[in-house]
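Got a minute to walk through a fold together? Here's the model, and then we'll go through some questions.

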Amino acid sequence: MDDKDWDLFKQKLNAKTGIDLHLYKEPQMRRRIGNLVTRADMKSFVAYFDKVSQNKEDFASFIEYLTINVSEFFRNPDKFDILEKDVLPMLLKQSPKLNIWSAGCSIGAEPYTIAIILKELTPNVKHRILASDLDVEILAKAKKGIYTDNEIKAMRPDRKAKYFTQTPDGKFAIKPEIKSLIEFKQHNLLKDPYEKNFNLIVNRNVVIYFTEDAKNQMYTGFFNSLVPGGILFVGATEAILNYKKIGYQSYKAFFYQKPDK
Ligand SMILES: C[S@@+](CC[C@H](N)C(=O)[O-])C[C@H]1O[C@@H](n2cnc3c(N)ncnc32)[C@H](O)[C@@H]1O
């Protein structure tokens with residue numbers, strides 16, 4: 001597992017999936033993937049890659065491991081409380097119909113959480129909620145909308161009862177009235193162009209392995225994609241240090257606003 005092996009592995013991964021590991025924190029990624037290679041009893045990154053590439057399911061779980069899909073409904077409930085009681089009402093004053101992007105949505109818990117909150121705040125308004133992720137397999141799970149008890153543990157019991165039906169095997173299926181509110185699409189935040197005119201962009205727990213440059217580029221891209229007055233909502237440990245340089249102002253901790261001019 002030398003540098004040449006690692007470089008060829010990166011090239012092959014990029015050619016097959018569009019994932020460019022130069023834009024991720026390399027030592028951490030190399031260690032993570034190295035652990036996988038060792039566990040599989042393989043001698044090199046490339047041999048491991050070639051092996052998992054032969055089987056669709058193995059390859060899917062490799063990408064899942066690489067991208068870390070852990071998520072849950074109302075993750076950090078105190079932050080979603082601020083979203084519900086302060087940020088969304090403020091945005092709804094700017095525009096009665098909101099255009100929202102959950103970028104790096106994983107299993108869909110995040111966009112469905114936003115849909116639930118909006119359904120309660122504005123029952124008769126059809127907002128747009130776009131949810132995207134790099135990982136097609138996880139998007140398929142998001143579209144199915146079936147969750148474990150653990151993935152909805154932070155939810156209030158009345159909401160659990162209202163928005164899910166229980167499946168015969170003890171899981172929780174999100175109701176069609178919420179499911180139909182989300183538009184899912186595959187999108188690589190480090191490669192693909194960004195849509196414009198969002199009132200709210202939610203990007204939480206996605207950047208953990210991104211380089212500082214990649215993060216900067218993405219946060220600048222989000223800035224350009226927000227309408228004036230729009231908000232970027234980031235993860236509970238992901239304060240943006242140079243937010244002023246990009247042009248944002250701080251709205252609340254972990255919520256950044258594009259000035260209204
Ligand atoms: C830990 S999950 C976060 C899910 C949700 N936002 C939350 O906070 O619970 C991180 C997600 O980011 C996605 N991701 C990683 N790199 C990405 C990229 N370059 N473009 C789009 N999504 C990416 C992964 O596939 C994964 O589903």
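## Strands, helices and a ligand

Q: In this predicted model, which residue of β10 stands opposite Ser-250?
A: Let's start with a facing pair between strands. Across from Ser-250 you'll find a residue of β10, and that's Tyr-256.

Q: How many bridges join β9 to β10?
A: These strands form a hairpin with 2 residues between them, where Phe-254 takes a positive phi near 75 degrees. β9 and β10 run antiparallel, and the bridges joining them number 3.

Q: Which residue of β10 does Phe-233 stand opposite?
A: β8 (residues 226–234) pairs with β10 (residues 255–257) in the antiparallel sense, over 3 bridges. Opposite Phe-233, in β10, stands Phe-255.

Q: Which strands stand at the edges of the sheet?
A: The sheet is open, with 7 strands in mixed pairing, ordered β6-β2-β1-β7-β8-β10-β9. An edge strand here has a single partner, so one side of it is left without a neighbour in the sheet. That describes β6 (182–186) and β9 (249–252).

Q: At about what angle does helix α5 run to β8?
A: Helix α5 (residues 77–94) lies across β7, β8, β9 and β10. Its direction relative to β8 comes out at about 165 degrees.

Q: Which strands does helix α7 touch?
A: Helix α7 (residues 136–144) packs on the sheet, and its direction makes about 165 degrees with that of β6. The strands touched are β2 and β6.

Q: How many charged residues are in the shell around the ligand?
A: The ligand is surrounded by 21 residues, with Thr-67, Ser-71, Gly-104, Ser-106 and Arg-204 the closest. By class, the shell has 8 nonpolar and 8 polar residues, and the charged ones number 5.

Definitions and conventions: Residues are numbered from 1 along each chain as its sequence is written. This is a predicted model: local features need pLDDT of at least 70, side-chain atom pairs count only at pLDDT 80 or more; totals for chains, interfaces and linings use all residues. A residue is near a molecule or strand if its C-beta atom, placed from the backbone, lies within 6 Å of it. Ala, Val, Leu, Ile, Met, Phe, Trp, Tyr, Cys and Pro count as nonpolar, Asp, Glu, Lys and Arg as charged, and the others, Gly among them, as polar. Two strands pair if DSSP finds at least two bridges between them. Helices (H or I, at least four residues) and strands (E, at least two) are DSSP runs, numbered from the N terminus. Two residues are in contact if their C-beta atoms, placed from the backbone, lie within 7 Å. Axes are lines fitted to C-alpha atoms, for helices over the stretch in contact, and angles run from 0 to 180 degrees between N-to-C directions.
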